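Colleague: I'm new to this one. Can you walk me through it?

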2 protein chains.
Amino acid sequence: MRLKTLQNLGIFRMSILITGVAGFIGCNLAKRLMNEGHIVVGVDNLSRGTLRNLSEVKNAANFHFIETDCADRPRFLAETATFHERFPITEVWHLAANSDIPAGVSDATVDLKDTFMTTFNVLEVMKALDIKVLAFASSSAVYGDHGDRSISEVSGPLLPLSNYGAMKLASEASISAAAESFLNKAFIYRFPNVIGVPATHGVLLDFVNKLKANPSRLDVLGDGTQQKAYLHVDDLIEGMLEIQSNASEKLAVYNLGAEDEGVSVRNIAEAVVASVSPNADIVYGVEKRGWVGDVPKFQYCLDKLKKLGWTPKLDSKAAIKRAIADIVEQEITLK
Amino acid sequence: MRLKTLQNLGIFRMSILITGVAGFIGCNLAKRLMNEGHIVVGVDNLSRGTLRNLSEVKNAANFHFIETDCADRPRFLAETATFHERFPITEVWHLAANSDIPAGVSDATVDLKDTFMTTFNVLEVMKALDIKVLAFASSSAVYGDHGDRSISEVSGPLLPLSNYGAMKLASEASISAAAESFLNKAFIYRFPNVIGVPATHGVLLDFVNKLKANPSRLDVLGDGTQQKAYLHVDDLIEGMLEIQSNASEKLAVYNLGAEDEGVSVRNIAEAVVASVSPNADIVYGVEKRGWVGDVPKFQYCLDKLKKLGWTPKLDSKAAIKRAIADIVEQEITLK
């Protein structure tokens with residue numbers, strides 16, 4: 001078993017647990033933390049994440065994979081405890097969640113189980129194993145619709161429109177109570193739309209695949225005016241590590257994103273069409289929102305993040321451009 | 001079966017479901033709604049509520065009791081559906097929750113089940129049975145510690161200190177998403193400390209019973225400087241009905257309380273001692289907080305409520321005075 005080798009090496013810095021490690025952000029984070037010399041123990045139920053996403057890390061000496069569902073607490077605890085006994089885990093990055101927002105709107109139990117109970121169980125496991133540092137992937141969806149207002153970390157009210165947003169807020173709330181009770185340090189990162197590869201879901205992948213299926217026409221949910229900020233996954237990870245190094249609060253809540261007005265769905269559709277199938281017609285819906293729970297417009301205030309001296313390398317437009325190129329390579333060139 | 005009689009009478013206005021009907025607020029609300037001519041179907045698992053609390057209503061023609069746990073969804077749905085078929089329920093007042101905050105801090109599964117899953121299941125039952133109006137007993141605990149700031153409904157951040165507060169916020173979040181998806185109208189009432197009889201928990205009952213057990217000494221958790229606003233249960237119910245008649249928002253979030261600086265634990269201890277055992281010594285702890293998750297100071301901004309033209313009859317001090325008299329009667333005079 002590779003764990004024995006690890007123990008003999010004795011060269012690694014910390015042992016870090018990542019939930020949702022086989023997902024889009026999880027696999028990128030694992031690579032980055034392993035490059036910094038940490039042992040990564042990754043948990044995933046492989047329902048949406050795939051082993052293919054782990055191809056670059058799975059054979060490394062400092063990676064250990066546990067295939068289990070965080071929503072299955074007894075098994076999640078048992079498997080984590082076994083690893084923890086030999087390589088004490090000092091922090092957890094909890095990324096596991098449902099990523100199909102409309103699915104969670106039609107059936108609330110999806111986000112209950114995958115977005116909230118995973119968090120609840122992560123906290124229970126941390127309490128049981130005395131692990132004190134948690135980083136959590138929250139979402140701009142906790143804010144709901146604030147219209148044209150720029151949204152800071154202390155903005156209220158928090159009235160999410162989707163069960164996904166609701167269960168991310170529920171997760172934040174549980175983490176907040178845990179920080180008061182038994183955690184030493186918790187980071188709540190409110191993600192914007194994050195893009196890059198390996199793309200597993202989201203508007204870019206959706207558009208690219210629609211055009212692959214029908215190169216002459218792209219149907220867009222909603223009227224295309226929805227406008228959101230986007231962050232490239234490399235910047236996202238950079239930003240989280242920067243916050244983790246510099247934020248002094250015990251419970252550090254941060255909006256993460258680029259400080260710009262974002263990009264409209266119309267601009268995204270045009271950019272994807274230009275890249276994949278320049279002669280395709282783009283056909284828009286009539287609704288302001290793409291689906292129930294979608295927020296038509298959204299802008300972060302990033303003053304708190306900027307105070308730490310960090311800004312992303314790519315703004316929303318540049319991030320979209322790079323991600324389209326990456327995804328076209330993933331979906332078309334490489335297939 | 002009494003339901004048959006009800007059907008024959010045909011004189012009642014609406015059929016309303018109350019969860020947690022055998023608790024302190026639930027039984028008072030049932031009385032009030034029945035007095036207005038509604039049919040009340042009350043649900044309670046009798047874990048903290050008692051049938052004794054329902055003695056005044058249980059034999060009325062327009063009351064029907066279902067002993068079940070809202071956390072047990074299949075049974076809760078089946079029993080509610082049976083009633084709903086004959087007397088279509090038009091609104092739900094969801095009050096069922098854990099009321100022992102420290103218990104929920106030591107074991108997070110208490111509030112998960114009793115404070116959050118009850119709400120989640122109420123929403124699932126409402127969706128299944130096509131019931132469109134929900135009133136929910138939320139709490140000031142969703143806000144966490146805002147220091148000396150006056151807290152309005154749009155104040156942020158929402159970082160609860162206890163699992164109770166976390167699961168009330170989780171409930172609000174789920175209701176917010178449901179209002180976007182399938183509810184016609186939802187009321188979120190953020191309760192302050194509510195007092196009155198039948199007292200089942202809380203600082204007043206605690207103090208009265210401590211003095212009953214030892215008339216010469218009252219031990220107080222915390223240093224006595226914690227200061228909170230209190231609302232008498234009669235005012236609370238009055239206020240909720242007022243909001244329900246007048247609030248125009250689809251999702252109406254309201255702080256409920258009296259606009260005063262509140263009453264300190266020290267003042268409450270002195271008032272209870274004066275009433276129950278005037279020669280007792282009061283012994284304080286050293287902590288600012290009474291327990292993990294307790295908020296030392298708390299003040300509501302009630303402008304939104306006042307705009308509807310409503311203020312409570314009793315301020316915090318008057319409410320405390322009246323509730324002490326009521327509880328002394330309940331615990332000492334009547335026993």
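Modeller: First, a term: helices (H or I, at least four residues) and strands (E, at least two) are DSSP runs, numbered from the N terminus. This is a predicted model, where local features need pLDDT of at least 70, side-chain atom pairs count only at pLDDT 80 or more, and totals for chains, interfaces and linings use all residues. Residues are numbered from 1 along each chain as its sequence is written, chains are lettered from A and ligands numbered from 1 in the order in which they are written, and side-chain values use heavy atoms, leaving out hydrogens and water.

Colleague: Which residues of chain A does UniProt give to the "domain: NAD-dependent epimerase/dehydratase" feature?

Modeller: Residues 16-257, from an unreviewed entry. UniProt positions are in the numbering used here, feature names are shortened, and annotations may be inferred rather than shown by experiment. That span is 40% helix and 22% strand, and its end C-alpha atoms lie 25 Å apart.

Colleague: And where is the "transmembrane region"?

Modeller: The unreviewed UniProt entry puts that feature at residues 12-30 of chain A. In the model, residues 12-30 are 37% helix and 26% strand.

Colleague: New topic. How many residues does each chain bring to the contact?

Modeller: Chain A gives 37 and chain B gives 37. Contact means heavy atoms within 4.5 Å.

Colleague: What about salt bridges across the interface, how many?

Modeller: The rule finds zero between chain A and chain B. It asks for a side-chain nitrogen of Lys or Arg within 4 Å of a carboxyl oxygen of Asp or Glu.

Colleague: Which elements of chain A touch chain B?

Modeller: Those giving two or more residues are α4 (101-106), α5 (108-129), α6 (163-181) and β12 (251-255). The largest share, eleven residues, comes from α6(A).

Colleague: Any aromatic pair to look at? How do Trp93(A) and Tyr189(A) sit?

Modeller: They are stacked, 6.1 Å centre to centre with 20° between the planes. Rings of Phe, Tyr and Trp (its six-membered ring) pair if their centres lie within 6.5 Å; planes under 30 degrees apart count as stacked, over 60 as edge-to-face and the rest as tilted. Trp93(A) is in strand β4 and Tyr189(A) in strand β7, 96 residues apart.

Colleague: Last one. Which residues does a cis peptide bond join in chain A?

Modeller: Val197(A) and Pro198(A), with omega about 0°. Pro198(A) is in the loop between β8 (193-195) and α7 (203-213). In chain B, a cis bond joins Val197(B) and Pro198(B). Most peptide bonds are trans.
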